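Work through the exercises below with the model open beside you. Try each task before reading its solution.

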Amino acid sequence: MKKLLSFLLTLTLFASIVTISSFAFDIPANSESCTIKKNEAYSYSNYVVGNFKYYGGQNYSDSTSKLKVTAQYFDGSSNKYLEDTHTTIPPYDNFMDEETKHYNGPLCWRVYLSPSGLHSNGCFGRGYIRNK
């Protein structure tokens with residue numbers, strides 16, 4: 001009986017480790033990244049330069065709202081960052097290497113994190129932007 005119980009507990013532990021590792025989210029080494037904390041309204045990364053970029057994000061399990069992860073580029077004529085594309089993710093979710101639109105010339109890019117919804121807070125997550 002003890003051997004059977006030991007085997008079942010080992011099997012459960014192994015299944016838990018496999019499940020947790022399948023949801024692993026590692027920010028690539030050649031990225032600019034940022035983290036948003038529960039008391040922050042937004043966060044953004046340093047910039048990277050190129051015609052297009054790849055971006056991703058993760059909303060931690062203890063977040064209380066969805067996280068909006070936005071790839072932005074700097075527009076010189078308006079002198080501000082503009083949204084290229086975004087993805088909204090619920091708590092305990094992530095995505096990696098979504099591609100932005102392609103432009104003719106090099107642009108400055110950043111990833112911008114914010115809670116989704118009006119007057120939202122309680123987001124805890126991270127995002128990145130990079131070349132492939």
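Five exercises follow, on strands, salt bridges and cysteines.

This is a predicted model, where local features need pLDDT of at least 70, side-chain atom pairs count only at pLDDT 80 or more, and totals for chains, interfaces and linings use all residues. Residues are numbered from 1 along each chain as its sequence is written, and side-chain values use heavy atoms, with hydrogens and water left out.

**Exercise 1. The open sheet**

Give the strand order of the open sheet of 4 strands, and find its edges.

Solution.
- Strands (E, at least two residues) are DSSP runs, numbered from the N terminus. Two strands pair if DSSP finds at least two bridges between them.
- The order reads 1-9-4-7, and the pairing is antiparallel.
- Strand 1 (31-36) and strand 7 (93-99) each have a single partner strand, so one side of each lacks a neighbour in the sheet.
- From one strand to the next, the twist averages 10 degrees. The angle is taken between N-to-C directions of lines fitted to C-alpha atoms and runs from 0 to 180 degrees.
- Now take the pairing of strand 1 with strand 9 (residues 125-130): they run antiparallel and are joined by 6 bridges. E32 faces I129 of strand 9.

**Exercise 2. Strand 5 and its partners**

Is strand 5 largely enclosed or left open by the rest of the structure? Locate the residues opposite V69 in strand 6 and strand 8.

Solution.
- Count the buried residues (under 20% relative accessible area, 1.4 Å probe, protein chains only; exposed is over 50%, partly exposed in between).
- In strand 5, 7 of the 9 residues are buried, so the rest of the structure largely encloses this strand.
- Strand 6 runs antiparallel to strand 5, with 9 bridges between them. T87 is the bridge partner of V69 there.
- Strand 8 (residues 107-115) also runs antiparallel to strand 5, through 7 bridges. Here V69 stands opposite L113.
- Strand 5 and strand 6 make a hairpin with 4 residues between them. N79, in the turn, has a positive phi of about 60 degrees.

**Exercise 3. Salt bridges between distant parts**

How many salt bridges does the structure hold? Trace the pairs of K38 and K68.

Solution.
- Side chains of opposite charge can pair when their charged atoms come close. The cut-off is a side-chain nitrogen of Lys or Arg within 4 Å of a carboxyl oxygen of Asp or Glu.
- The total is 4.
- K38 meets D62 at 3.9 Å, N to O. K38 sits in the loop between strand 1 and strand 2 (43-44), and D62 in the loop between strand 4 (54-59) and strand 5 (67-75), so the pair ties together parts 24 residues apart in sequence.
- K38 is partly exposed at 38%. D62 is partly exposed at 38%.
- K68 pairs with E83, with the closest N and O atoms 3.7 Å apart. This links strand 5 to strand 6 (residues 80-89), across 15 residues.

**Exercise 4. A network**

Which residues are linked to D97 in a network of salt bridges?

Solution.
- R130 and D97 meet at 2.8 Å, N to O. R130 is in strand 9 and D97 in strand 7, 33 residues apart.
- R130 is buried at 10%, whereas D97 is partly exposed at 25%.
- Add K132: D97, R130 and K132 form the network.

**Exercise 5. Cysteines**

How many disulfides are there? Classify C108 and C123 by accessibility.

Solution.
- Apply the rule: a pair of cysteine sulfur atoms within 2.5 Å.
- The count is 0.
- C108 is partly exposed at 27% relative accessibility. C123 is buried at 0%.
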